[in-house]
Amino acid sequence: MSVRIIYIFLLVVVSFTVSAVTPTPAQIEQFKNLPPSQQKMLAKQLGIDISQFKKASQSQSYENTIMPPAERASKEEFSELEETLEEKYLKDKVEVKPFGYDLFANEPYSFQPENNQVAVPDDYIVGVGDNFLVNTYGKEGNTYELMVNRDGMLHFPDFAPLNVMGLTFQEAKQAIHNHISSQTIGLKASVTMGELRSIRIFVMGEAYKPGVYTISSLSTVTNALFASGGLSDIGSLRNIQVKRAGKLVGKVDLYDFLIHGDNSKDVILKSGDVVFIPPVGSTATIKGEVKRPAIYELVESETIKDLLTMAGGAKSSAFLKESVLERFNTSNYKTLINLDLSKEGVFEEPVKDGDVLRINATSDEFKDSVLLIGAVTRPGAYQWHQGMKVSDIIESFHSDLLKIADLEYALIVRETSKLGDIETRQISLANALENKNATDNILLNSNDKVIVFSKYEKRDIEQRTLARLAHTQEELAILEREQLIKEYYSKEFKRDLGLLKDEEFKNEANMQFNSQLSNQELNRRDLQLAQTDLLELSKPFAELEKEEDEEENLEEFSLYSRKLLLAPVILKLQNQASVGQPMELVEVVGEVKVPGVYPLSKGAKINDLVMAAGGLNESAYLERAELTRVNKQGSKASIKHITFKLGDAMSLDESSNIKLTSKDRLNISPIPEWQEDVTITLKGEVLFPGVYTIRRGETLVEVIKRAGGFTDFASADAAVFTRESLKEQEFEQIKKLLSDLRKEVATKSLQPSKATSSISYSESRQLLYDLSQVTPVGRLIIDVPRLMLGQTDYDIQLEDGDTLYVPTKKQSVNVIGEVNVATAHMHEDEYDLYEYIQKSGGFKSRADEDRIYIIKADGSVEVPSGNSWYAINAKTTQIQPGDTIVVPLDSEYMDNLTLWSTATQIIYQVGVALAAISSIN
């Protein structure tokens with residue numbers, strides 16, 4: 001590897017980790033050009049996750065691909081689906097680990113237990129360094145602490161020495177008792193072991209850290225393994241050997257201890273012993289539906305039964321009849337052997353090195369069952385029996401169904417072939433439960449699915465919630481805050497802005513949102529209360545049809561909605577359609593509660609489709625409806641329109657209640673001239689302000705008269721009239737302006753200019769962001785005084801959501817802009833435009849005196865005649881109470897220093913040019 005490549009890689013890594021910036025394509029390519037081994041080695045040395053570069057490479061290449069948004073979304077969805085399918089397909093290939101090695105995975109240590117707390121067995125062999133505690137009692141008592149010296153002797157202060165070397169602990173106790181009794185009459189002894197000697201043993205072979213270890217003389221092979229940190233990855237757990245003086249004195253199979261808890265064969269070590277761990281022998285893997293999937297070490301003559309026992313046995317979900325054994329053959333290929341482990345003889349099959357036994361799971365499908373899903377209290381699978389009906393699985397309206405269940409529309413989904421093709425049956429649960437013999441109480445087949453829908457859609461719940469909240473001013477304020485939050489956090493708004501990253505947008509939107517709330521005189525406590533109330537609105541919702549204050553979760557309504565529960569059924573019906581098998585789907589649009597596409601049930605008619613769509617709206621026109629049908633005749637298809645009386649069809653009149661066919665489309669029209677609640681709001685100095693319902697074509701004058709007209713304090717010429725449709729138009733114009741301005745900024749940023757008036761990118765972005773915060777007003781300039789005088793040319797027809805605000809009479813005139821003191825003045829009839837400006841201190845140096853304009857009280861704008869304020873005609877520019885005089889900023893203003901600097905540069909350049917010309921001549 002060259003030094004230059006390493007240096008490049010270090011720069012890439014440092015720039016990525018320190019500044020958290022996504023690597024450039026060039027850096028990624030440099031990294032990808034390195035061999036895989038070098039990539040891993042460098043990443044490991046620097047502590048960098050190599051997957052970060054792979055993800056960055058994938059995202060970079062993806063972002064550089066020119067792809068429409070729709071195709072991009074499809075690619076993302078396909079990628080997620082591919083990963084899901086791959087994960088599901090490879091779930092049985094989850095890596096299993098060798099069994100038993102984790103128990104000894106510790107750092108080496110000296111295993112020396114507290115000697116005074118360990119019971120010494122009777123067969124313990126006494127050696128040099130062991131300590132005895134001897135207590136004599138009888139005619140006199142003494143305590144002796146004696147250690148076995150190198151000669152194997154115990155030296156008593158008052159008795160002759162005694163040789164205990166090589167004796168067992170039981171033999172040594174008896175020897176000491178006899179020794180003391182034989183030398184003194186009437187004296188007896190009590191003997192215990194004191195501190196035990198330490199021994200040095202060797203742990204060799206495939207140990208985690210082979211070497212010499214000093215341990216207690218009571219230690220066994222297991223203690224030695226703990227002391228040495230366990231085994232390496234290839235050490236044998238089943239053939240651990242103990243060698244003494246070059247001879248094999250014992251073997252230890254740790255599986256007896258790990259699986260059965262039996263340590264009776266654990267060998268007690270002596271000083272100088274060698275614990276040798278050979279490499280692991282034959283192994284076999286068992287995975288799938290077993291309690292302890294792992295790789296197990298084998299000994300001679302072990303069978304499938306032994307392997308299954310080591311794995312803790314099969315789970316209850318195991319399908320033993322179709323287990324699979326993978327085995328290497330002599331041709332260096334793997335072979336698959338199907339095993340029926342439900343038979344006893346198969347368990348005696350011997351296991352070979354490298355075998356992989358996979359215990360498959362049983363199917364999740366139920367046999368002879370009926371699946372109940374939707375707005376029911378106990379969804380799930382139920383046992384099916386011959387003659388079972390709908391009323392057998394749903395017995396009670398109250399105990400088996402949720403309160404939101406739609407009793408007029410339920411669906412039975414039934415399989416019709418082994419390929420999984422389905423058909424549907426539509427029923428009324430009300431009829432099925434009230435009358436056991438009704439046709440709706442149909443017989444169920446095995447594997448039928450009964451779907452019960454909610455009678456509310458999420459959209460209906462939100463609308464009713466908003467209506468309920470609109471009862472008080474406090475709740476209206478919450479709705480206004482909710483609208484503000486939606487505007488600042490909606491994905492569509494962020495996409496249109498197109499400038500800020502997620503975190504940047506969130507932070508700046510938060511600041512702007514708080515600023516706007518401050519402008520609206522909403523403090524921090526109000527905001528917290530508003531957010532808390534909105535959070536509560538999105539969770540529980542009081543049930544609409546009960547007097548009790550029971551609450552249902554808003555998610556429950558959407559969970560059992562037609563849109564969600566019908567989606568897989570509609571998709572299946574679409575996929576199974578083919579030549580000779582029409583698509584069993586129909587559509588209803590217009591004045592029904594839930595318009596959309598629905599499965600075509602067997603024998604379904606017009607009234608069935610209407611009930612499937614939740615029933616008719618109040619505005620449905622019963623005298624006429626239209627059914628559009630596709631007729632296929634030979635190799636051609638034609639469209640046919642059928643008109644009928646909807647009222648007769650809903651009354652089950654056979655002539656109007658037409659039987660539906662594939663791809664029929666039912667269109668239900670509204671009653672002519674029908675309108676929902678269309679309202680206008682009157683505010684301010686109106687005799688009876690409030691919200692008024694209007695009819696189609698009603699005018700503003702008519703509504704004002706209904707409200708009693710204006711009060712004596714009303715300023716009709718300053719009335720403000722706003723319209724929702726104009727707000728939408730203004731919002732679209734702002735969006736277009738943002739888009740055009742963003743393109744202009746991007747173009748300018750790619751074309752560096754030497755002009756001193758150019759602004760930086762951050763300033764441009766701030767300008768765009770500020771512009772995006774402009775709130776559409778939707779104001780329509782109207783002449784209310786002339787309108788109230790009966791001049792019909794000035795009257796307007798009203799629309800839903802219109803608002804008229806009539807302010808109180810004002811006596812002031814505002815002067816704003818480039819004046820020394822922007823303020824308001826009391827209106828004086830004899831004052832003209834110049835005098836109001838003079839009362840505000842006159843013009844600033846940067847004022848544009850040629851572009852002064854006046855915002856009249858009614859919102860209109862008047863530009864004074866003449867090229868400057870000197871030429872203003874007092875009559876045509878008469879200032880009225882409530883007017884605002886605006887003195888704009890001169891965008892071409894240049895201060896004296898800049899002016900003289902620029903002039904000097906021009907003179908200098910001209911002088912240089914003249915000198916150059918003179919030199920040529």
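Select R238 and E302: both residues are buried. In this predicted model, the two form a salt bridge, with 2.9 Å between the closest N and O atoms. R238 sits in the loop between α7 (221–227) and β8 (240–244), and E302 in the loop between β12 and α9 (304–310), so the salt bridge ties together parts that are 64 residues apart in sequence.

**The sheet that contains β12**

From E302, go to β12 and display residues 294–297. Strand β12 belongs to an open sheet of 5 strands with mixed pairing, in the order β12-β11-β15-β13-β14. The edges of this sheet are β12 and β14 (334–339), each of which pairs on one side only. Direction ignored, neighbouring strands here are turned by 20° against each other on average.

Now select β13, residues 323–328, together with β14; the two run antiparallel and are joined by 6 bridges. To check the register, label V324 and look across to β14, where N338 stands opposite.

**The sheet that contains β8**

Go back to R238 and follow the chain into β8, residues 240–244. This strand is part of another open sheet of 5 strands, ordered β7-β6-β10-β8-β9, again with mixed pairing. Its edge strands are β7 (211–216) and β9 (247–252), and each pairs on one side only. The twist from one strand to the next averages 30°.

Within this sheet, select β6 and β7. They pair in the antiparallel sense over 6 bridges. Label S198 and S216 to see one residue of β7 opposite its partner.

**R197 and D130**

Select R197, in the loop between β5 (187–193) and β6 (198–205). Which residue does the side chain of R197 meet in a salt bridge? The partner is D130, at an N to O distance of 2.4 Å. D130 lies in the loop between α5 (69–89) and β1 (131–138), and the pair links distant parts of the chain, 67 residues apart. R197 and D130 are both buried.

**S190 in β5**

Move to S190, which lies in strand β5. Is S190 buried or partly exposed? With a relative accessibility of 34%, S190 counts as partly exposed, because that value falls between the 20% limit for buried and the 50% limit for exposed. Show its contacts beyond four places in sequence: they are L133, V134, N135 and Y137. For a distance label, take the C-alpha atoms of S190 and Q174, which are 9.8 Å apart in space and 16 residues apart in sequence.

**D406 in β18**

Next select D406 in strand β18, residues 405–415. Why does D406 count as buried? Its relative accessible area is 9%, and buried means under 20%. The side chain of D406 has a polar contact of 2.5 Å with the side chain of R562. Display the contacts of D406, leaving aside neighbours within four places in sequence: besides R562, they are L429, F453, S454 and K455.

**The network around R695**

Select R695, E698, E702 and R706, which are linked in a network of salt bridges. Side chains of opposite charge can pair when their charged atoms come close. Within the network, the closest N and O atoms of R695 and E702 are 3.5 Å apart. Colour the two by accessibility: R695 is partly exposed, with a relative accessible area of 48%, and E702 is partly exposed as well, at 32%. By contrast, R238 and E302, where the tour began, are both buried.

**The whole chain**

Finally, zoom out. The structure holds 27 salt bridges, including R197 with D130 and R238 with E302. The secondary structure of the protein chain comes to 27 helices and 36 strands. The chain has 921 residues, of which 36% count as buried. Its accessible surface comes to about 55200 Å², and 52% of that belongs to carbon and sulfur atoms. In a contact map, consider the contacts between residues at least 6 apart in sequence: 62% of these join residues at least 24 apart.

Note on methods. Residues are numbered from 1 along each chain as its sequence is written. This is a predicted model: local features need pLDDT of at least 70, side-chain atom pairs count only at pLDDT 80 or more; totals for chains, interfaces and linings use all residues. Side-chain values use heavy atoms; hydrogens and water are left out. Helices (H or I, at least four residues) and strands (E, at least two) are DSSP runs, numbered from the N terminus. Buried means under 20% relative accessible area, exposed over 50%, partly exposed in between (1.4 Å probe, protein chains only). Contact means heavy atoms within 4.5 Å. Accessible areas come from the Shrake-Rupley method with a 1.4 Å probe; for residues, only the protein chains shown count as cover. Two strands pair if DSSP finds at least two bridges between them. Axes are lines fitted to C-alpha atoms, for helices over the stretch in contact, and angles run from 0 to 180 degrees between N-to-C directions. A polar contact is a pair of N or O atoms within 3.5 Å; within protein, one must be able to donate a hydrogen and the other to accept it, and residues adjacent in sequence count only if both atoms are side-chain atoms. A salt bridge is a side-chain nitrogen of Lys or Arg within 4 Å of a carboxyl oxygen of Asp or Glu.
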